[in-house]
Amino acid sequence: MSSPASFSVVAIDCFERPVHLRLPFRFGAATVSEAIQAFVRVRIRLADGREFVGGTAELMVPKWFDKDPALSHAANVDQLRRALALAREAYLADAIPRSAFGHFAAHYAECINEGGRRGLPALVAQFGPAEIDRALLDALCRALGVSFQAAVRANLIGFDAAAIAPDLAGFDCESFLRGLVPRTQIALRHTVGLLDAIGGHPRRVDDGLPESLEEVIAVYGVTWFKLKLSGELDADIARLVEVSSALDRLPTYRVTLDGNEQFVDPASVGALVAGMHAEPRLRRLAAATAFIEQPIARQRALDLTVADLIAMPPLVIDESDASMDAFPRARARGYAGVSSKSCKGLYKSLVNLARCRCWDRGTAAPRYFMSAEDLTTQPGLAVQQDLALAALLGIGHIERNGHHYVNGMVGAPQIEQSAFLEAHPDLYERSAGTVRLVIRAGQLSLRSLASPGFASGALPDWSSLVPQPAGDRPAHSAPRARSRASRTAPA
């Protein structure tokens with residue numbers, strides 16, 4: 001393998017763009033109809049003095065990172081802005097050249113600890129370094145003229161799992177990375193929110209796009225589904241019966257269930273599964289359930305054992321994944337899986353996959369696994385980088401819901417839409433008045449994501465974005481950019 005490439009961080013700029021949902025999205029106890037997408041642009045300097053730009057993007061979704069009912073949606077977004085500002089300050093204050101992973105390892109704990117001192121929960125504080133790390137890796141891959149997947153497999157990123165996860169001391173990172181086989185397509189797992197219509201055409205927006213579950217199946221050909229739960233037993237059973245009336249018409253399908261922290265304890269989760277098996281109309285759906293995601297609130301989930309539950313699908317942590325040791329702690333309580341989400345950090349995903357490989361070593365059938373979940377990632381850098389990460393991890397299906405709740409890139413200028421469409425013609429098409437994901441037979445093509453950069457054949461039209469509010473930015477902030485969307489790697 002080649003030696004890791006070192007670089008220093010020269011500039012970090014944070015921007016925003018409003019996103020309006022075409023359909024309201026209800027998960028757990030929250031309903032979202034609009035949000036703000038954060039964008040991060042970085043500039044790095046290599047040892048030879050050359051400089052390169054990279055970027056990333058992520059929706060700042062309220063009521064997921066912190067579900068405190070006392071906080072408004074706007075307050076949740078401000079928390080994420082502060083997380084970005086703190087991470088930006090930390091990375092810019094350090095002029096030492098490091099590898100991409102080295103920058104993360106040097107600042108991860110610092111960002112979490114400083115966030116804690118500022119009143120930010122760990123899951124919120126992780127958002128800052130997670131976004132900056134992706135932008136840095138994009139810039140590095142552009143500088144080296146290699147894809148994200150190639151950079152990771154050759155360990156040009158300097159990955160050393162034990163540096164942040166002592167339980168992986170002695171783990172052969174080089175062989176692990178070299179053995180990763182990126183997928184070239186992935187099955188889309190469609191989210192069914194608690195407010196989503198199941199049948200017919202409700203005409204809630206009547207914009208020519210699918211509105212009900214039946215329409216989604218007919219138009220996109222999906223066979224994987226993620227079903228949101230409320231935590232109320234009778235209501236959930238009734239909702240699942242309604243959903244199954246549409247799914248049971250398919251020759252075959254698979255589902256995952258998302259509790260979104262709405263269940264009181266393991267017994268209430270067991271009662272749901274028992275209720276599903278007791279209901280004849282849910283026979284197929286129960287058999288098709290691959291796993292249950294984060295049913296119990298994060299404050300209690302890792303203090304309660306689920307190992308004693310009988311005849312249960314595997315359980316996965318998502319919101320509980322707020323520290324680098326969360327997955328080992330969850331494993332000790334009986335959980336088998338953990339979600340990969342770009343907003344939690346790409347290096348955490350690599351570490352957790354390494355743990356799965358370690359724990360399954362020598363077993364006849366793998367038990368531990370990673371799932372790929374969404375946070376309504378939007379077309380462009382957000383969805384592309386998250387897809388590229390899931391593809392590298394070898395995950396066969398991924399929750400995607402941004403294309404359903406938002407009408408593609410409708411909020412972006414035409415120059416930006418056209419740049420992304422030209423760079424990724426297998427992933428996007430122009431339809432319903434905008435550039436949107438292409439979904440064929442329930443699959444997404446990922447081939448164009450293997451271009452130089454972190455799955456970024458194009459960059460946003462930076463001049464169309466609004467700088468992050470000044471009150472949430474440290475004093476280092478640079479003036480608003482004027483560069484345009486481009487397919488090339490700027491130097």
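Which residues does His397 touch, not counting residues up to four places away in sequence? The legends below take that view first and then move on to other parts of this predicted model.

**Figure 1. His397 and its surroundings in strand β11.**
Leaving out residues up to four places away in sequence, His397 touches Ile186, Ala187, Arg189, Trp224, Phe291 and Ala372. With Arg189 there is also a polar contact, side chain to side chain, at 2.9 Å. The strand that holds His397, β11, covers residues 397-400. His397 counts as buried because its relative accessibility is 14%, and the cut-off for buried is under 20%.

**Figure 2. Lys226, a buried lysine in strand β5.**
Is Lys226 buried or exposed? At 1% relative accessibility, this lysine counts as buried. Its strand, β5, spans residues 224-228. The side chain of Lys226 has a polar contact with the side chain of Glu373, at 2.8 Å. Glu373 is one of the residues that Lys226 contacts beyond its neighbours within four places in sequence. Among the others are Glu293, Glu399 and Asp258, along with Arg189 and His190. Arg189 may look familiar from the previous view, where its side chain makes a polar contact with that of His397.

**Figure 3. Lys348 in helix α13.**
Here is another lysine to look at, this time in a helix that runs over residues 346-359. Lys348 is buried, with a relative accessible area of 3%. What does the side chain of Lys348 reach at 2.9 Å? The partner is the backbone oxygen of Asp321. Asp321 is also on the list of residues that Lys348 touches, not counting those up to four places away in sequence, together with Tyr108, Gln126, Ala322, Ser323 and Met324. For orientation toward the next view, the C-alpha atom of Lys348 is separated by 24 Å from that of Val53, and the two residues are 295 apart along the chain.

**Figure 4. An open sheet of four strands.**
Follow the strands across the sheet and you read β3-β2-β1-β15, with antiparallel pairing. Strands β3 (51-60) and β15 (466-467) are at the edges; each has a single partner strand, so one side of each is left without a neighbour in the sheet. Helix α14, residues 381-393, packs on the sheet and touches β2 and β3. The direction of helix α14 makes about 95 degrees with that of β3. Strands of a sheet pair through backbone hydrogen bonds.

**Figure 5. Strand β1 and its partners β2 and β15.**
How many bridges join β1 to β2? There are 16 between β1 (residues 7-27) and β2 (residues 30-46), and the two strands run antiparallel. Three residue pairs help you find your place: Ser8 has Arg45 as its bridge partner, Ala11 stands opposite Arg43, and Asp13 stands opposite Arg41. The hairpin of β1 and β2 has two residues between the strands, and Gly28 takes a positive phi near 60 degrees there. Two bridges join β1 to β15, again in the antiparallel sense, and Phe15 stands opposite Pro467 in β15. Strand β1 is mostly covered, with 15 of its 21 residues buried.

**Figure 6. The hairpin of β2 and β3.**
Ten bridges pair β2 with β3, antiparallel to each other. Arg45, which is also the bridge partner of Ser8, stands opposite Glu51 in β3. Four residues lie between the two strands, and in the turn Gly49 has a positive phi of about 95 degrees.

**Figure 7. Cysteines without a disulfide partner.**
How many disulfides does the structure hold? The number is zero. For Cys111, the nearest cysteine sulfur belongs to Cys14 and is 12 Å away. At 4% relative accessibility, Cys111 counts as buried. Cys141 is in no disulfide either, and the nearest cysteine sulfur, that of Cys173, is 18 Å away. Cys141 is buried too, with a relative accessible area of 0%.

**Figure 8. Confidence along the chain, and residues 471-491.**
The mean pLDDT of the protein is 94, and 95% of its residues reach 70 or more. Over residues 471-491, however, the pLDDT is below 50. This stretch has 58 contacts in the model beyond near neighbours in sequence. Where pLDDT is low, the predicted coordinates should not be read in detail.

Technical notes:
Residues are numbered from 1 along each chain as its sequence is written. This is a predicted model: local features need pLDDT of at least 70, side-chain atom pairs count only at pLDDT 80 or more; totals for chains, interfaces and linings use all residues. Side-chain values use heavy atoms; hydrogens and water are left out. Buried means under 20% relative accessible area, exposed over 50%, partly exposed in between (1.4 Å probe, protein chains only). A polar contact is a pair of N or O atoms within 3.5 Å; within protein, one must be able to donate a hydrogen and the other to accept it, and residues adjacent in sequence count only if both atoms are side-chain atoms. Contact means heavy atoms within 4.5 Å. Two strands pair if DSSP finds at least two bridges between them. Axes are lines fitted to C-alpha atoms, for helices over the stretch in contact, and angles run from 0 to 180 degrees between N-to-C directions. pLDDT is the predictor's confidence in each residue, from 0 to 100. A disulfide is a pair of cysteine sulfur atoms within 2.5 Å.
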